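Work through the following exercises with the sequence and the 3D structure side by side, and try each task before reading its solution.

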Amino acid sequence: MKTKNQAYITAFGQNFKKLLESKKKTPEEVAAHGNIETKQVYRVINGEHAATLSVIYALAKGLDVHPKELFDFSFTG
């Protein structure tokens, strides 16, 4: 579902993907460690899901980073 904030949601997913690659983790590993469905991780990566605080926390836990690192990217909307 596309939302009025789709550009930001997409940028968030791209940043998350970069973090995944830099940490050398797979979406499956993040999902298992964060205790969420792998499908949710892929939906965030692909900009299909506006992550809730619970999902953001799980993603950060799965990557072993502070949640604020997920928001550390440039965005000009």
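**Exercise 1: the surroundings of V30**

Task: In this predicted model, find which residues V30 is in contact with, leaving aside its neighbours within four places in sequence.

Solution: Searching beyond those neighbours, we find that V30 is in contact with F16, L20, K25, V41, L59, G62 and L63. We then turn to the largest nonpolar core, which has 20 residues, and see that V30 is listed there among those with the most contacts inside it, together with F12, F16, V41, L59, L63 and L70. As a last step we ask which helices supply this core, and find that α1 (6-23), α2 (27-34), α3 (38-45) and α4 (53-63) each give at least two residues, while α4 gives the most, with 6 residues.

**Exercise 2: N15 in its helix**

Task: Decide whether N15 is buried or exposed, and list what N15 is in contact with beyond four places in sequence.

Solution: We first locate N15 in helix α1. Its relative accessible area is 11%, and because buried means under 20%, N15 counts as buried. Leaving aside its neighbours within four places in sequence, N15 is in contact with E69, L70, F71, D72 and F73.

**Exercise 3: the buried side of α3**

Task: Name the buried residues of α3 and explain why they lie on the same side of this helix.

Solution: The buried residues of α3 are V41, V44 and I45. They lie on the same side of α3 because they cover an arc of only 100° around the axis. What covers these buried residues includes α1, α2 and α4. Finally, moving just past the end of α3, we reach G47, which takes a positive phi of about 70°.

Notes
Residues numbered from 1 in each chain as written. Predicted model: local features only at pLDDT ≥ 70, side-chain atom pairs only at ≥ 80, totals over all residues. Heavy atoms only, no water. Core = buried A, V, L, I, M, F, W, Y, C linked by side-chain atoms within 4.5 Å. Buried < 20%, exposed > 50% of the residue type's maximum accessible area, 1.4 Å probe, protein only. Helix = DSSP H or I, 4+ residues; strand = E, 2+ residues; numbered from the N terminus. Contact = heavy atoms within 4.5 Å. Arc of directions from axis to C-beta.
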